[in-house]
Amino acid sequence: MSVVIPTSNGAGNGQHGHSVATRLAVPRVLAHFWRWWSGELCSVITPLMDRYWVDRHGTIDIALMPDGAVVLPPRLNGRDVRLIVDAAHVLRKTVAYPAAVEENLADVVLNDLDRQTPFTSEQIYLAHRIERRYDAADGVARIDVELVMVMRRVVSAALTRIRDAGGAVYSAVIAEPDSAATTELLPVAERTRRRMSRLQQMNLALVGALLLLIAIAIAVPILQRRAEVVELGPRVEKARNDAEATRKIEAEFQRVSQEYQLATARKYQSTPVVDIIEELTRLSPDTTWLQSLELRAPPGTSKSNKSLREVQLIGEAASLSKMIELLEQSALLQNTTQRAQTTRGTQPNTERFQIATELKPRAAPELIDVLAIAVVPRVDKLTAPNDASTILPPPRTREAP
């Protein structure tokens with residue numbers, strides 16, 4: 001029968017202060033989610049690994065009886081053996097710890113072993129598992145840890161017998177008839193490394209082939225694109241050189257075109273003074289006396305821009321408003337404004353004015369593509385088949401006497 005050591009829930013004040021000082025930085029909700037998610041993931045992956053990766057055909061389960069005896073098969077021949085320890089050899093105890101020690105729970109349990117049990121680590125095989133997590137009455141998060149112990153001398157004698165018979169012990173678990181989970185007692189250092197079976201070797205080869213195919217699937221398109229880039233490099237360089245040559249030709253064409261059209265541009269850039277005077281003479285009434293005529297660039301215009309010039313007029317007229325109206329009707333002038341206050345003129349019934357107007361920009365004529373003009377063939381009237389003048393009258397016939 002199982003021997004159960006009484007539970008001790010006493011945790012010293014030092015442990016409580018230590019738990020407050022070293023509280024986990026990760027929120028408790030995330031920690032619970034991680035434990036749930038990893039547990040669900042392991043529950044899905046473990047059956048798949050046992051089915052497709054681990055070869056269980058060569059494994060033998062040998063039970064350790066309550067009296068310490070083991071029943072060995074006739075021949076082991078280096079086969080893998082799992083020792084199943086009967087529950088009669090198991091000692092259990094539940095201990096409460098602060099939840100902050102969960103990260104280093106194995107070290108904490110080992111250091112606290114002499115206080116919780118009358119045994120040392122050299123005398124027993126020790127395993128632990130967390131039974132539950134809860135918040136204590138003082139508000140500190142705690143965990144209940146179950147300590148599972150088996151006397152080392154009992155298990156070691158069974159292990160020695162199995163190894164002497166030619167078996168390789170890779171695990172020692174406790175028989176849990178009421179639970180599907182198993183508790184591993186054997187430390188990693190004392191386990192015999194299992195040999196890879198043919199199925200494991202085949203699975204490993206398939207995994208390696210899969211990784212190789214994935215690497216090839218990733219590398220081949222990259223190498224193909226690199227080869228295309230290397231192949232297109234000279235074409236791109238040639239296209240760049242052709243584009244540069246085209247830009248140079250275009251710049252030279254623009255320069256030659258500007259030089260060729262320099263005279264035309266200068267001609268239509270400004271209006272001749274003779275045309276301006278003629279236009280003012282035509283528009284001004286006979287009762288207008290012009291005393292000053294000044295042509296200059298309007299205020300704010302740069303010296304290099306001579307396309308717009310301003311005309312300032314000072315003189316006397318019978319009606320200033322009529323004068324402005326006539327100038328606005330001109331084909332050469334625009335934006336006529338009054339620059340000074342109107343005063344009485346020196347002549348009777350006249351007004352002295354000072355007005356300014358701007359010259360309209362002259363639009364250059366559209367360029368004509370000489371090559372696009374259709375060449376009309378010359379038609380000779382004497383040889384034209386449809387010309388009536390080329391049709392001769394029929395010859396006259398002499399009548400018989």
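This briefing describes a predicted protein model, beginning with its overall make-up and then turning to particular helices, contacts and surface features. The protein has 401 residues, of which 25% count as buried, and its secondary structure comes to nine helices and twelve strands. The mean pLDDT of the protein is 77, with 75% of its residues reaching 70 or more, and the parts with low values are named below so that they can be read with care.

**Confidence in the model**

- Among the elements of the protein, strand β6, which covers residues 141-151, has the highest mean pLDDT, at 91, whereas strand β1, which covers residues 3-4, has the lowest, at 38.
- Over residues 1-22 the pLDDT is below 50, and this stretch has 30 contacts in the model beyond near neighbours in sequence.
- The pLDDT is also below 50 over residues 387-392, a stretch for which the model shows five contacts beyond near neighbours in sequence.
- Where pLDDT is low, the predicted coordinates should not be read in detail.

**Overall contacts and surface**

- When contacts between residues at least 6 apart in sequence are considered, 63% of them join residues that are at least 24 apart.
- The accessible surface of the protein comes to about 28,700 Å², and carbon and sulfur atoms account for 58% of that surface.
- A nonpolar patch on the surface is formed by F33, W34, W36, W37, L41, V44 and I45, which together have about 760 Å² of accessible area.
- One of these patch residues, V44, lies in helix α2, which runs over residues 28-52.

**Helices α8 and α9**

- In helix α9, which covers residues 320-328, the residues L320, M323, I324, L326 and L327 are buried.
- These buried residues lie on the same side of α9, because they cover an arc of only 160° around the axis.
- The buried residues of α9 pack against helix α8 (273-283) and against the strands β9 (310-317), β10 (333-338) and β12 (351-359).
- In helix α8, the buried residues are I276, E279, L280 and L283.
- The buried residues of α8 cover an arc of only 95° around the axis, so they too are on the same side of their helix.
- On the face of α8 turned away from its buried side are the exposed residues V274, E278, T281 and R282.
- The packing partners of the buried residues of α8 are strand β8 (289-296), β9, helix α9, β10 and β12.
- As general background to such one-sided patterns, an α-helix has 3.6 residues a turn, so residues three or four places apart point the same way.

**Salt bridges**

- The structure holds 18 salt bridges, and among them is the one in which the side chains of R92 and E146 meet, at 3.3 Å from N to O.
- This pair links distant parts of the chain, with R92 in strand β4 (residues 90-98) and E146 in strand β6, 54 residues apart.
- E146 has a relative accessible area of 7% and is therefore buried.
- Another salt bridge joins R142 to D138, with their closest N and O atoms 3.7 Å apart.
- The two partners of that bridge have separate accessibility classes, since R142 counts as buried at 12% relative accessibility, while D138 is partly exposed with a relative accessible area of 44%.
- A further salt bridge is formed where the side chains of R225 and E228 meet, at 3.8 Å from N to O.
- Both R225 and E228 lie in helix α6 (residues 198-260), three residues apart, which is about one turn of the helix.
- R225 counts as partly exposed at 49% relative accessibility, and E228 likewise counts as partly exposed, at 39%.
- Salt bridges that share partners also join R35, E102 and R133 into one network.

**The loop residue N77**

- N77 is found in the loop between strands β2 (59-64) and β3 (80-85), and at 64% relative accessibility N77 counts as exposed.
- Although N77 and A165 are 88 residues apart along the chain, their C-alpha atoms are separated by 7.9 Å.

Notes:
Residues numbered from 1 in each chain as written. Predicted model: local features only at pLDDT ≥ 70, side-chain atom pairs only at ≥ 80, totals over all residues. Heavy atoms only, no water. Buried < 20%, exposed > 50% of the residue type's maximum accessible area, 1.4 Å probe, protein only. Helix = DSSP H or I, 4+ residues; strand = E, 2+ residues; numbered from the N terminus. Arc of directions from axis to C-beta. Contact = heavy atoms within 4.5 Å. Areas by Shrake-Rupley, 256 points an atom, 1.4 Å probe, with all protein chains shown as cover. pLDDT = per-residue confidence, 0-100. Patch = residues over 30% accessible without salt bridge, like charges linked within 9 Å, V, L, I, M, F, W, Y side chains within 5 Å. Salt bridge = Lys/Arg side-chain N within 4 Å of Asp/Glu carboxyl O.
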